[in-house]
Amino acid sequence: MQLDERTATSIAAYDQHARAYQEALRRRRPLQDVRRFAGLAAAGALILDVGCGPASDLRNLTDMGLRPVGVDLSLGALREARLLLPKHPLVCGPYDRLPFGPRTFQGLWLSGALVHLPRSAWRDIFARLLYHLDTGPVYFSCARGSADLAPVDDHVLGRVYRSEATEDEVEVLLASHGLRDVQVELRPDPLVDRDRAWVAGFGRKV
């Protein structure tokens with residue numbers, strides 16, 4: 001996956017501040033959405049968590065009786081994940097060339113997974129990730145707006161670059177790949193600004 005220079009800058013920020021970022025996320029994860037996602041998945045389902053960061057959602061998904069595999073572009077974030085979950089399967093690699101076969105997983109969790117990538121890459125990467133999904137729920141979230149790798153000064157990470165999408169765009173992204181029961185809702189930003197909205201979308205591959 002060819003990385004935009006701004007994406008590489010964001011990854012480096014996670015590498016450098018992974019532990020502080022994990023601490024900041026500790027009480028700010030989308031637990032309601034995790035529970036809803038788990039309710040749509042089969043018991044013990046193998047889940048692909050892309051953009052897992054330092055493993056906050058991995059732990060919550062595991063606590064719900066699921067078996068998530070974590071993937072991230074930041075090696076520093078995955079090192080923190082390894083400290084939190086010493087025996088958990090973790091992969092550092094490009095999202096469009098993951099080392100999994102077709103229809104390996106029974107759920108796909110994408111909590112902010114694509115926000116540090118250019119919007120032009122979202123559709124193709126999303127399709128490639130769905131290639132690894134057999135059946136099951138899909139969760140996708142991102143910041144609400146129209147920015148395309150715009151600079152954001154995060155109080156933990158420093159300068160990062162973030163892409164956004166509207167509710168309609170997320171709905172189109174999910175529905176365009178044949179997902180069923182697509183629902184899109186707004187959530188408060190989990191970390192930077194609680195008054196700023198994030199978009200959360202659910203779908204189901206059958």
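**Figure 1. Packing around helix H2 in the predicted model.** The buried residues of H2 pack against strand S1 (46-50), helix H3 (56-63), strand S4 (108-111), strand S5 (136-144), strand S9 (180-188) and strand S10 (197-205). Helix H2 itself spans residues 31-40, and its buried residues are Asp33, Val34, Phe37 and Ala38. Viewed down the axis of H2, these buried residues fall within an arc of 135 degrees, so they line one face of the helix. An α-helix has 3.6 residues a turn, so residues three or four places apart point the same way. On the face of H2 turned away from the buried side are the exposed residues Gln32 and Gly39.

**Figure 2. Surroundings of Ser10 in helix H1.** Ser10 belongs to H1, which covers residues 5-25. Is Ser10 buried or exposed? Ser10 has a relative accessible area of 1%, and a residue counts as buried under 20%, so Ser10 is buried. Leaving aside residues up to four places away in sequence, Ser10 touches His116, Val160 and Tyr161. With Tyr161 there is also a polar contact: a polar atom of the Ser10 side chain lies 2.9 Å from the backbone nitrogen of Tyr161.

**Figure 3. The largest cavity and its lining.** Rolling a probe the size of a water molecule over the atoms shows where empty space is left. One cavity of 30 Å³ or more is found in a search of the whole structure. The space in the largest cavity comes to about 550 Å³. Its lining is made up of 36 residues, and Tyr14, Tyr21, Gly112, Val115 and His116 lie nearest the centre of the cavity. Two or more lining residues come from each of H1, H3, strand S6 (150-154) and strand S7 (158-162). Which element gives the most to the lining of the largest cavity? That element is H1, with six residues. By residue class, the lining of the largest cavity holds 20 nonpolar, nine polar and seven charged residues.

**Figure 4. Arg128 in helix H5, shown with Val160.** Arg128 sits in H5, a helix of residues 119-130. The relative accessible area of Arg128 is 39%; values between 20% and 50% count as partly exposed, so Arg128 is partly exposed. Along the chain, Arg128 and Val160 are 32 residues apart, and their C-alpha atoms are separated by 25 Å. Val160 also appears in the second view, as one of the residues that Ser10 touches.

Terms used:
Residues numbered from 1 in each chain as written. Predicted model: local features only at pLDDT ≥ 70, side-chain atom pairs only at ≥ 80, totals over all residues. Heavy atoms only, no water. Buried < 20%, exposed > 50% of the residue type's maximum accessible area, 1.4 Å probe, protein only. Helix = DSSP H or I, 4+ residues; strand = E, 2+ residues; numbered from the N terminus. Arc of directions from axis to C-beta. Contact = heavy atoms within 4.5 Å. Polar contact = N/O pair within 3.5 Å; in protein donor to acceptor, adjacent residues only side chain to side chain. 1 Å grid on protein atoms, 1.4 Å probe; cavity = no way out; pocket = protein on both sides within 12 Å on 5 of 7 lines; lining within 4 Å. Points joined across faces, edges and corners; volume = space filled by probe spheres on them. Nonpolar A, V, L, I, M, F, W, Y, C, P; charged D, E, K, R; others polar.
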